[in-house]
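Subject: Structure handover

Hi,

Here is the structure for your files. Please open it alongside this email; the notes on its empty spaces follow below.

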Amino acid sequence: MSFDTPVETAVAERLYNDCDYYDAESLLTEDERRVLHRLRDFLDREAKPLLADYWERGEFPDKLVQPLIELDLMEPAELRGLGPRSNPARGIYQGFRIFELARTDASLATWYTAQAGLFRTAIRVGASAEQQAEWMPRVVDFSLKGVFSLTEPESGSDIAGGLSTRAHREGDTWVLDGAKRWIGGASTADVLAVFARDVGDGQVKAFLVDREASGVALEKIHRKTSLRMMQNSHITLDGVRVPESMRLHNVNSFRDVAAMLRAMRSDVAWIATGIQAGAFEAARRYVRERHQFGRPLGSFQLVQEKLARMLGNLTASLSLVVRLTEQQARGVYRDQDSALAKMQSCLAMRETVALARELAGGNGITLESDVARFHADAEAVYSYEGTHEINALIVGRALTGESAFAR
């Protein structure tokens, strides 16, 4: 794909003009802003015109997939050399990449993060050095597409103790039986990173399962009212055989899975923050254009108060995720930190999208304004990667030294 000349010079312009959230420009290098401008131009020109129709149909705009891959966002050539080879793009850039996607559409952000966040983290944390050397370059260029398959039909928040998918070893082969649910992007993945309990030692292991392997069955989850574009699957595993070479060798207990979740919750906090930006901008645009009682809606006191609250939520959330990302860049990963960021940014997101819907009145429930999509999609983001209650208990445990989780 090609881009018009203005995109190449757009780095001189500002990405974030509306009150400049948290002075975002100062957090990014010129090269990082150049890549993000490239992404924003694509989203504005190519993605936005498609979103309402695909959202209403409950289909993903597959025509955007290859162009998004060709944007070279995961490890952009311009940014290589800014960090270790396993993670060369800075965390702040990665966060704003998620932010830009989510401020356009939550499903696009969830789809991209399924590869760049969840699956990549599964390989980065769970694979051996030899496996990483083989697989990571293919993860980065999307020639090996994968999804993170942990949640089950009967276990979500209690997955640590409730994981029921089983794996038993037969020589150099593992046999998997069980089911996974709510796995986004599974229908177009090459492999499924499946977590199962080893019947031999009772510990959790992880396997890369070929999506088309014998015994794997995928069923699309229909009739969703949130993240309608994202294709979520119910996966059944019936006697699926996986070679030992496709087991993630550094995953030997749920503690190893928890290390992945700790890293990935920050991505969801960035998504929640980006959704707030999209909702705020859509509402602000609406009240400037809409007239009532002979005046622009934006001229009314109560309307301005709601906009101010929305921007306050957005700025506070951005401050939180930026601080978390800076901390993780120093190698500090704590459950309570990522849990707090996910919990608080999603609380703020819920209020922000509700205020946006209020400001758009009756038009706020139609797809003619972007507000309706953000309002509906926020509900899924509020729950996935740890519900509010679970994240609150993680924080509470750190505060008191006492676990309040049900036993």
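Start with the second largest cavity: its lining residues divide into two nonpolar, two polar and six charged. Here Ala, Val, Leu, Ile, Met, Phe, Trp, Tyr, Cys and Pro count as nonpolar, Asp, Glu, Lys and Arg as charged, and the others, Gly among them, as polar. The lining consists of Lys48, Arg103, Thr104, Gly278, Glu281, Ala282, Arg285, Asp370, Arg373 and Phe374. H8 provides the largest share, four residues. Helix H4 (91-104), H8 and H11 each supply at least two. The space is about 60 Å³.

Some ground rules. This is a predicted model, in which local features need pLDDT of at least 70 and side-chain atom pairs count only at pLDDT 80 or more, while totals for chains, interfaces and linings use all residues. Residues are numbered from 1 along each chain as its sequence is written, and side-chain values use heavy atoms, without hydrogens and water.

A cavity is a set of points on a 1 Å grid over the protein atoms alone where a 1.4 Å probe fits but cannot get out; a pocket is an open set with protein on both sides within 12 Å along at least five of seven lines; lining residues have an atom within 4 Å of a point. Points join across faces, edges and corners, and a volume is the space filled by probe spheres set on them. Helices (H or I, at least four residues) and strands (E, at least two) are DSSP runs, numbered from the N terminus.

The whole structure has two cavities of 30 Å³ or more. The largest has a volume of about 90 Å³. Its lining includes Trp111, Phe142 and Lys145. H5 gives the most, three residues. By class, that lining has five nonpolar, four polar and one charged residues.

Now the largest pocket. Its volume is about 1,500 Å³. It is lined by 45 residues, and Thr151, Gly156, Tyr384, Glu385 and Gly386 are the closest to its centre. H8 gives the largest share of this lining, six residues. The classes are 23 nonpolar, 14 polar and eight charged.

One residue to look at: Arg197, in strand S4 (residues 191-198). Arg197 is buried (under 20% relative accessible area, 1.4 Å probe, protein chains only). Arg197 has no salt bridge (a side-chain nitrogen of Lys or Arg within 4 Å of a carboxyl oxygen of Asp or Glu). The nearest side chain of opposite charge, Glu152, is 7.7 Å away.

Best wishes

Technical notes: Buried means under 20% relative accessible area, exposed over 50%, partly exposed in between (1.4 Å probe, protein chains only). Lys and Arg count as positive and Asp and Glu as negative; His and the chain ends are not counted.
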